[in-house]
2 protein chains.
Amino acid sequence: MSKEGATQSPHPADDFMLEKFLPYRLSLLSNTISGGISSAYRKLYELSVTEWRVVAILGRYPGLTATEVTERGAMDKVAVSRAVKRLEERGLVERGEHDADRRRLPLVLSPGDGQRLFRDVMPRALAYERQLLASLSAEEREMFGRLVGKLQSAAQRLNEKD
Amino acid sequence: MSKEGATQSPHPADDFMLEKFLPYRLSLLSNTISGGISSAYRKLYELSVTEWRVVAILGRYPGLTATEVTERGAMDKVAVSRAVKRLEERGLVERGEHDADRRRLPLVLSPGDGQRLFRDVMPRALAYERQLLASLSAEEREMFGRLVGKLQSAAQRLNEKD
DNA sequence: TCATAATAGTTTCACTTGTAACTATTTGCA
DNA sequence: TGCAAATAGTTACAAGTGAAACTATTATGA
């Protein structure tokens with residue numbers, strides 16, 4: 001593992017170490033977690049991550065249009081459109097009609113399968129989150145949530161002026 | 001934005017809110033950050049995320065084989081293979097020969113363009129990270145890194161026994 | 001020593017994804 | 001009113017991705 005000795009300095013080429021690079025670590029963490037959760041509902045229901053998110057959002061906010069789902073989930077417009085299409089084909093989501101604007105299609109989970117799916121999968125996801133957070137103390141959890149929020153704002157600010 | 005009033009309870013249907021769901025928040029944060037960084041090097045060098053990671057790893061650990069790069073970056077074997085191929089075609093990475101095992105191809109950044117790319121892009125990525133972390137205090141930074149580590153271990157443990 | 005298993009890396013194929021272009025409808029304003 | 005611009009959502013195309021099959025090479029052990 002130590003191919004070159006301490007050729008240069010006490011902390012060898014320490015200016016960049018991928019393992020300590022925060023963006024990399026966050027990506028790794030996020031992928032690990034998403035993988036863990038999706039393996040649960042993917043096996044059971046054959047849902048993609050986007051589909052699952054749409055279900056989660058519609059379960060919480062019935063009647064949103066596709067665009068509103070997009071906004072709420074910070075997802076891609078096309079991705080949502082496709083997810084909704086597949087969910088509708090499988091009878092999990094239904095499209096209604098908007099009174100004033102015929103372009104907008106309010107979406108709801110279907111009373112039968114859609115809502116059942118929501119009520120079944122959601123607890124699993126929450127259980128995973130709970131188990132995950134069990135590795136932290138209450139103060140750590142609180143702190144972590146706060147810091148994630150701070151970083152999210154900071155990242156958005158950084159990306160804007162670019 | 002407030003479509004339905006407080007129809008149900010003081011904390012309306014509070015059992016699941018995507019906005020507070022940690023896996024979702026982390027995914028959002030990671031995507032925002034990755035997007036910010038990649039927009040920097042993508043414009044300049046036309047590098048994909050995987051290619052950039054390979055460059056970062058090889059810059060830090062010259063002479064790794066593709067498999068070792070895969071392990072170090074928690075990346076897909078195929079993705080690395082393709083990234084290396086494109087990087088080699090563009091003269092950014094070179095493949096050497098392994099003394100004992102002709103299956104293994106040690107990889108290095110090319111002395112000219114490859115290392116120049118590394119020296120040019122890396123500071124930008126680090127600068128982004130620095131700006132991002134500037135939104136936290138020193139203690140918060142330390143704490144955040146620690147918590148990310150804890151969660152990463154916890155998530156791996158959770159995913160294993162499954 | 002020879003056959004089988006294991007490993008490094010590549011290629012193929014089917015599927016997913018994002019960008020851009022498109023249709024349908026509504027809004028803004030001259 | 002009526003026409004250009006904006007918006008909701010879909011479609012098309014190109015590029016990216018992973019799983020599995022494949023080649024080449026090395027390790028194992030009867």
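In this predicted model, the largest share of the surface near DNA strand C comes from H4(B), which provides five residues. Helix H4 (77-89) of chain A, helix H3 (66-73) of chain B and helix H4 (77-89) of chain B each supply at least two residues of that surface. Sorted by class, the surface near DNA strand C holds 11 charged residues, along with five nonpolar and three polar ones. A total of 19 residues surround the strand, and those that come nearest are Arg82(A), Thr67(B), Ser81(B), Arg95(B) and Arg103(B).

It is helpful to look next at the DNA side of this meeting. Of the atoms of DNA strand C within 4 Å of the protein, 54% belong to sugar or phosphate, and the rest belong to bases. Individual polar contacts in chain A reach both kinds of atom. Arg82(A), already met among the nearest residues, has a side-chain N or O atom 2.7 Å from a base nitrogen of DNA strand C. Arg103(A) also points to a base: one of its polar side-chain atoms lies 3.2 Å from a base oxygen of the strand. With Arg102(A), a polar backbone atom takes part, and this atom is 2.9 Å from a phosphate oxygen of DNA strand C.

The two protein chains can be compared by laying one on the other. Two copies of a chain are related by a rotation about an axis and a shift along it. Here, a turn of 179 degrees and a shift of 0.1 Å along the axis place chain B on chain A with an RMSD of 0.2 Å. This is the relation of a two-fold axis. The same surface serves both copies, as 98% of the contact residues of chain B recur in chain A.

Finally, the inside of the protein deserves a look. Rolling a probe the size of a water molecule over the atoms shows where empty space is left. The search gives one cavity of 30 Å³ or more, and about 40 Å³ of space lies in the largest cavity. Its lining is made up of Ile37(B), Ala40(B), Tyr41(B), Val121(B), Arg124(B), Ala125(B) and Tyr128(B). Helix H1 (22-45) and helix H5 (113-133) of chain B each supply at least two residues of this lining, and H5(B) gives the most, with four. Six of the lining residues are nonpolar, none is polar and one is charged.

Notes:
Residues numbered from 1 in each chain as written. Chains lettered and ligands numbered in written order. Predicted model: local features only at pLDDT ≥ 70, side-chain atom pairs only at ≥ 80, totals over all residues. Heavy atoms only, no water. 1 Å grid on protein atoms, 1.4 Å probe; cavity = no way out; pocket = protein on both sides within 12 Å on 5 of 7 lines; lining within 4 Å. Points joined across faces, edges and corners; volume = space filled by probe spheres on them. Nonpolar A, V, L, I, M, F, W, Y, C, P; charged D, E, K, R; others polar. Least-squares fit on C-alpha atoms with pLDDT ≥ 70 in both. Contact = heavy atoms within 4.5 Å. Near = heavy atom within 4 Å. Polar contact = N/O pair within 3.5 Å; in protein donor to acceptor, adjacent residues only side chain to side chain.
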